[in-house]
Amino acid sequence: MALGIGTFQENYGQDMAIFHSKLQWGSVLAFLVFLFACPLFCSDRILTILTMMGISVISVHGLNILTGYCGQISIGHAGFMAVGGYTSAILCAKLGVPSGWLSPVVPWPPV
């Protein structure tokens, strides 16, 4: 008996689906439109903050998948982030790769 609270999955395929309703599809679509339109109307400082937040969210989700779903302990996530940061700094400073390809152009903290 369904009480109308939340969603009820009847089989494993429905339970493993990424999006369960049209509201979720619409929310993701609206977020993607906002994400791709952000550089058009946001300042460089806001874009830098959003980039830092995005990097942190990706790292935390990776750690959540590894620890939460797989049950493994990871000490290497901080190391991977450090290697990525060091590599992007070397590519920008020593080899002259444009920083827009790897990171925001704005120096941190903004002046």
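F19 sits partly exposed in this predicted model, with a relative accessible area of 26%. Its ring partner is W25, and the two ring centres lie 4.4 Å apart. The planes of F19 and W25 meet at 45°, so this pair goes down as tilted rather than stacked or edge-to-face. W25 itself is exposed, at a relative accessible area of 53%. A second tilted pair turns up between F34 and F41, with 6.1 Å from centre to centre and 50° between the planes. Here, too, the partners don't fall into one exposure class: F34 is partly exposed at 42% relative accessible area, whereas F41, at 53%, counts as exposed. That brings the structure's tally of aromatic pairs to 2.

F34 and F41 also show up in another feature, a nonpolar patch on the surface. Joining them there are V28, F31, L32, L35, F36 and L40. Put together, the members of this patch offer about 870 Å² of accessible area. One of them, F31, belongs to helix α2 and is partly exposed, with a relative accessible area of 49%.

What about the cysteines? The count of disulfides comes to 0. C38 is in no disulfide, and the nearest cysteine sulfur to it, that of C42, is 3.4 Å away. Why does C42 go without a bond to C38? A disulfide calls for sulfur atoms within 2.5 Å, and the 3.4 Å between the sulfur of C42 and that of C38 is too far for a bond. Both cysteines are nevertheless tucked away by the accessibility numbers. C38 has a relative accessibility of 4% and so counts as buried. C42 comes in at 19%, and because the cut-off for buried is under 20%, C42 counts as buried as well.

Zooming out, buried residues like these make up just 5% of the protein chain, which has 111 residues. The chain's secondary structure is simple to list: 5 helices and 0 strands. Followed along the sequence, the pattern reads α-α-α-α-α.

How confident is the predictor in all this? The protein chain averages a pLDDT of 76, and 81% of the residues score at least 70. Confidence varies from element to element, though. Helix α2, covering residues 22-41, has the highest mean pLDDT among the elements, at 88. At the other end, helix α5 (residues 99-102) has the lowest, with a mean of 58. F31 from the nonpolar patch therefore lies in the helix with the highest mean score, while being partly exposed at 49%.

Methods. Residues are numbered from 1 along each chain as its sequence is written. This is a predicted model: local features need pLDDT of at least 70, side-chain atom pairs count only at pLDDT 80 or more; totals for chains, interfaces and linings use all residues. Side-chain values use heavy atoms; hydrogens and water are left out. pLDDT is the predictor's confidence in each residue, from 0 to 100. Helices (H or I, at least four residues) and strands (E, at least two) are DSSP runs, numbered from the N terminus. Buried means under 20% relative accessible area, exposed over 50%, partly exposed in between (1.4 Å probe, protein chains only). Patches are made of residues with over 30% relative accessible area and no salt bridge: like charges are joined within 9 Å, nonpolar side chains (Val, Leu, Ile, Met, Phe, Trp, Tyr) within 5 Å. Accessible areas come from the Shrake-Rupley method with a 1.4 Å probe; for residues, only the protein chains shown count as cover. A salt bridge is a side-chain nitrogen of Lys or Arg within 4 Å of a carboxyl oxygen of Asp or Glu. Rings of Phe, Tyr and Trp (its six-membered ring) pair if their centres lie within 6.5 Å; planes under 30 degrees apart count as stacked, over 60 as edge-to-face and the rest as tilted.
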